[in-house]
Amino acid sequence: MAPKKKEDKDAPPPEDTNPYGVFVSVTMPSATVVLDVQDDAAAQRETHITLNIPGCHVPWASAHTAPSEGGVYQYSVVKHFRRSGGQDGLLQLINGVLTVTVNDSATNAVLASATVDQLQGFAIGQNTWSTEGLDLVPAAEVPEGVPKARSARLAFASIALQERPLPEGADAAALAAAPPPPEAELPPLLPYSYVSGEAAEKGNMVELVVSGLSPLPPNLQAAADAAGGKLHVTVGLALPGGGPAVAVSLAVAGGRVAAPAFRRELLPPGCLQALQYALEDGLPVVLEVARYVSAEGMADPAFEGYHAAAAAPALAAGLGAAGATEAAAEGLSLTAWAASGAKTCLPPYTAPAGKPKPVEAEVPPAGTCLWEKAGAQLAVSLRFARPVVPAWRPPPPPPRPLLELIPPRDLTPKPPPTTAVDEFKAKVRVIARALAEEYKAVLPPPDASVAAAAAGGGAEGRHKALIFELNRSGKYAQMRDSLKTAVVSLVREKYRKSGSMSPNEMALLYNDLYGSLLAAVHSSLNDLVDAAAARPRAPPPAPVPDKQRLGELLELAAQAEAMGDTDRAELLHQRRLLAKNDAQVWYEYGTYCLRRGGAKRGRAEECFREALALEPAHRGALLALLGCSVAAGRNTDPAYLESAEAAAHRLLDVAGRSSLDAWAALAVVYRAYGEAKRAELASCEQEMARLEKQQLAAAAAAASAGVSPSPSYGEGRAGGNGGGVPATEPSTASAGSVAGSAGELQARSFISLANTLLESLALPAEAALALELAAGLRHWPSVGPDTRTLHALAGALAEQALARAAGGGAASAAAEAMLTPGSSVLSMMRADAGEAVSSVAAEAAWRCRLLVAQLHKARGATDEAIRFYQEYIEAARSSGRLAEVPLSAWLELAEAYAARGQARFAADVFLLGASARPGCAVLWRGAGRCFVGAEELGPADMALSEANVLDPEDPEAWGWLALVALREGRAEDAEKALAFGLRCGLGDPGLLLDIAAEYRAAGQRRAEQRVLQEVAVKLMPESCSARLLLARCLVAQRCGAEAAEAVAAARQLAAHEDDEAAVAELEAELRGMA
């Protein structure tokens, strides 16, 4: 009877019959129960269902029901269990189960039972659960005389969380005390949720299951017996990143703990982000084990000996995977808690007041772990209702793939169309070969004697015999008839006439047709002769430049662009476009158009589309089209972003799904969309984090094995881009400069993308967008100083480019702001002053000197600009990197010296640059021009001649050579050089006026007149002074009529008093000549 007393003692209070509040509604219409009976009468035994839900309610039994046909019991169970509200009520629900039993109504014996553990869904906002069919487990033992159940199955079962709100103004206590009214008189039950809308959408639930803990320390069971069973072992877990602790209490009985056991806790939305980051970063998960005594008057002096820690890296690794909800760890060893250094989550031990009795007499020494001495191992599993690290969802494909927007072009050469003349020639060749075989057949054998060869009339006789035979056999007629259809087709094609012409019509065409046919016959026979003689006709030379010439033209175009001669740069690029089937040529012309800006932006996009039509896998063109479309989508029409998205997806396909750079490009596109693509942007960043972790792990494994990192890891570190896209310089992304910490490779990918957008594509706003994404990475605060330096340098260059594009006073204002004391640019420039300087910092300091020089130039401080230009070039000279100095730096420094009137210093700068880049024509030309200004004609002639050799089509080099030749008295050389210069498009009025002045000084008035006419008529048609110079030259030659025309034109162009006075003087002189 002891168990009966225990049941009476622990029996729950009566059921709460208050009809208002929160209810758990259970619905079970029917069940099929198959009893193990032999006769039909026993099969009609009545049964009922008993329901027991967690909490304080009395188990509820349904009405006794007899089966219908087939052993189906129509229980029609619809039961509403009233529950307490609030978080306590929810925790009680989710930490319990619904027990369903089918009982024999006569004896109340359990025939079958099932446990429904589906209440945890209420923790995340769910309020219903249902299933079609629920199998119950038949009881193994039943009382004597009660048939066993072979099987039992509920046809349907559902659990719903509902609420009946209290009527407005009603007294809750009075309604609870009053007898419940009939169900029909009550308001209807409404769906209910314990959690708020935000918690239902974003919240989570954690479940800690302890599967086993064994073997136990030797004295643990004795202590449990001494405490009268009021001793338990608790396993707790403090979730990394914050959130509530989860603790599972395990009773000790029979030398083992009562396992498995579980505990569930709610996770509010506010702690989930920190938990996600902790799992992604692999923070350690440490389980805490402790023993607690709850018996009154008993103490636990051995608490610290049973206080242990168990590290569970498998839990962090398993739950840190994207989309994971559950992870298990077995065989976890326990060590002393004090040695773990972890933060406790279980309550500390508090000794009871008074003189309590120790539950265990032996107290272990400090630092001893009794679990460890016993060799105990812990097995647990951790489960979440939703993934803490969201499952990765690949970004959706674009509405239209790029290959559909830009179909690849078929470059297979198509055969020329066949004409009637070609058909006629083919038949003539067939007939000619047939005749040749006939003639060959009648020739004497090669070893025949002269007499034998002369027999039968010799060659003439054989020829007559062959003709006779051809006519007799009808072969000639067949050959003639085979040509008829070809001739008719030719007449129809060439003369648009049919074969039914009248004799008069035919007579008009006969001569021309005969000539055409005869020419076709001769052409066919000549082709046969050439082919037989193995001397095929050489094809005409192709007008398309070869690869070497294309490279030369590209270099000359870049030089012209650096000099500001956009007309010549455009002309050179147009000449390169003769290679119209070369995708790289179109890509390079597109980048030039992007740098030009303005109306050329649209032309640039056309070029990139043409490059992709020719080579769909061209990475540079894909990235360029992406950048152009993002810029257009942000500034003009958002519809362009669809094209950018298509290009980004295509780039991802081409570069590979493991390319961080390609994912960074796609992230920039989604960032340009804004809020509309926030989820897709998060997906890109999640995949980049996974790839980075994978590459870092592979690199670490390779380093431990003494193997070089994989190419993908090296690409991520250096920020490689692939074909058509310039990679980051080795000095700025050396293999040893990237720390193996989270976020480094992702940041480098965005920075590399920003550098490409800025330097190759002249898209500073889009580069700034990529830099924003780098700075917004979760691990950005922990990235290394080298990465931050690269980011700051790219940001400064983007800011400078944006200020230049704005024009007006924006460049000067931006320069002033960037040169303020303490600015990032000045800090980076001075970062190489110390001894232990990384290669990245040294590279950034060197590049910042050039940037500072350009900023001083923008604000008009020429002296300061020259100083920093010189420091930049001197640093390049000392490190052997003069060849890496950009052309613009040489030109800007020389221009600064020339602006101060120091032509000789400017010439030295040009010569130093030419020594570093001996193939650069504009540097040699600049040196020659400066030598001319310094009156050093010999060095000027040598430098200009070198420039002329490197670029024979440069008109200015020819013009300066002509000026030098005139000053040295070489009139014939000057005449030739000037002629070549004018033929190449010499358009510098100042240079031509200097040449005219030299001709005037030499007394060569006719040559002066030609030069001045070029200036006044073509180059400066609106200049009064040019017309006056031409008029004076004509007056000096006594050409009155021409001079009068020039003076009349000058009179119309005169804009101020000095011009009018000069015109009046010349008019008076002309009147004197008359």
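Me: Which residues does the "coiled-coil region" annotation cover?
Reply: That label comes from UniProt, from an unreviewed entry. UniProt positions follow the numbering used here, feature names are shortened, and annotations may be inferred rather than shown by experiment. The stretch covered is residues 674-701.

Me: How much of residues 674-701 is helix in the model?
Reply: This is a predicted model, where local features need pLDDT of at least 70, side-chain atom pairs count only at pLDDT 80 or more, and totals for chains, interfaces and linings use all residues. Residues are numbered from 1 along each chain as its sequence is written, and side-chain values use heavy atoms, leaving out hydrogens and water. Helices (H or I, at least four residues) and strands (E, at least two) are DSSP runs, numbered from the N terminus. Over 674-701 the end C-alpha atoms sit 39 Å apart, with strand at 0% and helix at 86%.

Me: What area do domain 1 and domain 2 bury between them?
Reply: The domain bounds, from an automatic or database domain assignment, put domain 1 at 21-166 + 186-191 and domain 2 at 198-347 + 368-384. Buried area is the accessible area (1.4 Å probe) that two parts lose on being put together, summed over both. Carbon and sulfur atoms carry 58% of it, and the total is about 910 Å².

Me: Which side chains meet in a salt bridge?
Reply: A salt bridge needs a side-chain nitrogen of Lys or Arg within 4 Å of a carboxyl oxygen of Asp or Glu. Between domain 1 and domain 2 the count is one. At 2.7 Å, N to O, the partners are Arg264 and Asp117.
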